[in-house]
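The following note sets out some points on the structure shown below, for use alongside the coordinates. It begins with a single residue and then turns to the sheets, the turns and the pocket.

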Amino acid sequence: ARALTPQTAETDAIRFLVGTQSLRFDNQIHIIDFDDENNIINKNVLLHQVGEIWHISTSPADKGVLATCYNKTSDSKVMTCAAVWRMPKELESGSHESPDDSSSNTQTLELLCHLDNTAHGNMACVMWEPMGDGKKIVSLADNNILLWDLQESSAKAVLSSSTALEGKGQLKFTSGRWSPHHNCTQIATANDTTVRGWDTRSMRQIYCIENAHGQLVRDLDFNPNKQYYLASCGDDCKVKFWDTRNVTEPVKTLEEHSHWVWNVRYNHSHDQLILTGSSDSRVILSNMVSISSEPFGHMVDDDELSDQEDQHQEEKIKEPLQDSVIATYEEHEDSVYAVEWSSADPWLFASLSYDGRLVINRVPRALKYHILL
């Protein structure tokens, strides 16, 4: 398995979805519910019969709706397609018991619509508009950015606009993220060693970080609280943090992994907490407090300081906190392809390795209280 997502619209129960990648069997989506009071994981399985799952994402507005990118073989060619699905009604909200009878019928997903990519190439990922009503999605297919409108209860996807990467060679997007800032009018994409920003209204490029990494860029994520901050990771084993207003140099670089970094994720509530997963089989939780929205340990508000004198006092007392690696998790024995924070509990996260092992961990309690108090 390599596809993992929290159920974004579920903010009460702790729930993750995992997509499998099996060549021989019918592929599945596993709905993982974590009962944190009793430390029990419950699992429900949905059949995904169309092919092995490369990417999975969930609607921010509708608990029952998700999108997958999957491999399909036709005329001995393998294509990566994308589709929007609905899970059975009774599984939409979290905290479900596992079916007692292991032989109980596995349920199937209901296909809502395909994102037709016949003209555009292989789908790399599907991104939902973060604050939206679940009707707008962007997909990346080879060198195309496609903006879709889902209509008629998501049963139809209409391509509303698109743009393509121009240039020499076989340009292909590897991943992208939709920014929660600027009224959700910006996305960032990665192709080869370059990170680009795009305005979804004009579909024009707004910034470009050439050679953001020495090798392929694998993943991106936006700081949820600071609007110009973007994290990237890649095959040069590095995680870099950028201010998109000035892209000549990264603001910070993390060099803790010893192999390709597949995934980087900001915590949704406390943006100093950064998760990374790598094919060195490790998950690393870092505290990047110096570039967070709380560099002095609490939200700094200019109104708190009345005049120059107070400001001077304040500066003497408050030193920026130090960045550090909080913890390294080594429960995986295979490449970690995905790390995700829970949508319901800001202190909880999941990681997924290629051998199909899903591990759920918590931010260490001492750090949690240090951040909160």
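1. Thr276 lies in strand β23, which covers residues 273-278. The model is a predicted one, and in it Thr276 has a relative accessible area of 2%. Because buried means under 20% relative accessible area, Thr276 counts as buried. In sequence, Thr276 and Val339 are separated by 63 residues, yet their C-alpha atoms are 6.6 Å apart in space.

2. The loop that follows strand β23 deserves a separate remark. Ser281 is found between β23 and β24 (283-287). Its phi is near 70 degrees, a positive value in a residue other than glycine. Ser281 is also buried, at 17% relative accessibility.

3. A second non-glycine residue with positive phi is Glu152, at about 45 degrees. Glu152 belongs to the loop between β12 and β13. Is this residue buried or exposed? Glu152 is exposed, its relative accessible area being 55%.

4. The strands on either side of Glu152 belong to an open sheet of 4 strands, ordered β10-β11-β12-β13 and paired in the antiparallel sense. β10 (123-128) and β13 (156-164) are the edge strands; each has a single partner, so one side of each is left without a neighbour in the sheet. On average, neighbouring strands of this sheet are turned by 25 degrees against each other, direction ignored. Within the sheet, β12 (residues 144-151) is joined to β13 by 8 bridges. Asn144 has Ala164 of β13 as its bridge partner.

5. Another open sheet of 4 strands has the order β14-β15-β16-β17, again with antiparallel pairing. Which strands stand at its edges? They are β14 and β17 (204-209), each of which pairs on one side only. The average turn between neighbouring strands here is 25 degrees, direction ignored. β14 and β15 (residues 186-191) are antiparallel and share 5 bridges. One residue pair in this contact is Trp178 with Ile187 of β15.

6. Strands β5, β6 and β7 can be followed in succession. β5 and β6 run antiparallel and are joined by 5 bridges, with 6 residues forming the hairpin connection. Thr58 has Leu66 of β6 as its bridge partner. β6 (residues 65-74) is mostly covered, with 7 of its 10 residues buried. On to β7 (residues 77-86), 10 bridges link the antiparallel pair, and Val65 is partnered by Arg86 in β7. The hairpin formed by β6 and β7 has 2 residues between the strands, and Asp75 in the turn has a positive phi of about 50 degrees.

7. At the N-terminal end of the numbering, β1 (residues 3-6) has side chains on two sides: Ala3 and Thr5 point one way, Leu4 and Pro6 the other, and all are buried. β1 pairs with β2 (residues 14-19) in the antiparallel sense over 4 bridges. Ala3 stands opposite Gly19 in β2.

8. The largest pocket holds about 1500 Å³ of space. How many residues line it? There are 48, of which His55, Gly176, Arg177, Arg265 and Glu340 lie nearest the pocket centre. By class, the lining comprises 24 nonpolar, 15 polar and 9 charged residues.

9. Several strands discussed above also contribute to this pocket. At least two lining residues come from each of β1, β5 (53-58), β10, β14 (173-178), β18 (217-222), β22 (261-266) and β26 (336-341). Among these contributors, β10 is an edge strand of the sheet in point 4, and β14 is an edge strand of the sheet in point 5.

10. One annotation may be set beside the model. The unreviewed UniProt entry places the feature "repeat: WD" at residues 210-246. In the model, this span is 0% helix and 46% strand, and its end C-alpha atoms lie 12 Å apart.

Methods: Residues numbered from 1 in each chain as written. Predicted model: local features only at pLDDT ≥ 70, side-chain atom pairs only at ≥ 80, totals over all residues. Heavy atoms only, no water. Pairing = 2+ DSSP bridges. Axes fitted to C-alpha atoms, helices over the stretch in contact; angles between N-to-C directions. UniProt positions renumbered as here; feature names shortened; annotations may be inferred. Buried < 20%, exposed > 50% of the residue type's maximum accessible area, 1.4 Å probe, protein only. 1 Å grid on protein atoms, 1.4 Å probe; cavity = no way out; pocket = protein on both sides within 12 Å on 5 of 7 lines; lining within 4 Å. Points joined across faces, edges and corners; volume = space filled by probe spheres on them. Nonpolar A, V, L, I, M, F, W, Y, C, P; charged D, E, K, R; others polar.
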